[in-house]
Amino acid sequence: MQVQARAPIPGTEKPNRSPRPRDAASIMLLDRFNDGVRVLMGRRNKAHVFMPDLHVFPGGRRDATDHRLSWEGDIHPAVLDRLRAAYGQNATQSRLRALALAAIRELHEEASIAIGSPQADGNTALPFLPDLTNLRYMARAITPPGHPRRFDTHFFAVFTDEAGIEPTDIRDSRELEDLRWIDVNDTSTVTMPDITGIILGDLRASLQADASLPFGRPVPFYYTRHGRFVRDLL
């Protein structure tokens, strides 16, 4: 005898378990021009499951091998301290550095921009040695529950002139299309995720307070607790 499955009583269905957030890193490449600052943004391909067809900063998840990448100039001690505040005092320096390395790797993969010196030994992991010296730690944000993919994203920033980057040397990729420089005070030309707009607001406030973006500045941390959007400082 076949037994027909009964439909659940409305309101009693078990919610889908949200995936655990994965470590990710994003980078705000800043170009000082005249009296203003521009930031590099690109549009995610519409085929993406996560944030399709929206303009974002270059970035992506931290790969398991990022901590093994060779590097030259190391991460600033004040930035390392802020990252340790995010992960706890027991976090290894290798793991924390891997977040910064992931940001620089993603920038190269998505915009063909290399922050660092060309590899002399032909190492195929990256065609350059990442230079972490001038990276600022700007924000941390965890994707709220309910999304098909969730990330614990760490946002870094670096100025093009400090990194020896020519602003015209950017190229679209399969990951990011329509790469363009956006005036941080006028983002009306692009559509972006809410959290990206919030972090850009923090960037504007930081630039107004001190245009050099000090390395040891407090870092805003965005997450959801009991269904409420929370902003803390690291």
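Contact here means heavy atoms within 4.5 Å. This is a predicted model, where local features need pLDDT of at least 70, side-chain atom pairs count only at pLDDT 80 or more, and totals for chains, interfaces and linings use all residues. Residues are numbered from 1 along each chain as its sequence is written, and side-chain values use heavy atoms, with hydrogens and water left out.

**Exercise 1.** Work out which residues Ile115 touches, leaving aside those up to four places away in sequence, then place Ile115 in its core.

*Solution.* Start with the neighbours: Ile115 touches Ile27, Ile104, Leu107, Phe128, Leu129, Pro130, Asp131, Val158, Ala163 and Ile165. Next comes the core, meaning a set of buried Ala, Val, Leu, Ile, Met, Phe, Trp, Tyr and Cys residues joined through side-chain atoms within 4.5 Å. Buried is under 20% relative accessible area, exposed over 50%, and partly exposed in between (1.4 Å probe, protein chains only). The largest nonpolar core has 44 residues, and Ile115 is among those touching the most other members, along with Leu40, Leu83, Ile113, Leu135, Tyr137 and Phe156. Elements giving two or more residues to this core include strand 1 (22-33), helix 1 (77-87) and helix 2 (93-111). Those elements are DSSP runs numbered from the N terminus: helices are H or I with at least four residues, strands E with at least two. Helix 2 supplies the largest share, nine residues.

**Exercise 2.** Find how helix 1 and helix 2 are arranged and which residues meet.

*Solution.* First, the geometry: the two axes come within 10 Å and cross at roughly 110 degrees. Axes are lines fitted to C-alpha atoms, for helices over the stretch in contact, and angles run from 0 to 180 degrees between N-to-C directions. Angles under 35 degrees count as roughly parallel, over 145 as roughly antiparallel, 65 to 115 as roughly perpendicular and the rest as oblique. So helix 1 and helix 2 are roughly perpendicular. Then the residues: Leu80, Leu83, Arg84 and Tyr87 of helix 1 meet Gln93, Arg95, Leu96 and Leu99 of helix 2.

**Exercise 3.** Trace what the salt bridge of Arg95 and Asp23 joins, and how accessible each partner is.

*Solution.* A salt bridge needs a side-chain nitrogen of Lys or Arg within 4 Å of a carboxyl oxygen of Asp or Glu; here the N to O distance is 3.3 Å. Arg95 sits in helix 2 and Asp23 in strand 1, so the pair ties together parts 72 residues apart in sequence. Finally, Arg95 is partly exposed at 35% relative accessibility, while Asp23 is buried at 12%.
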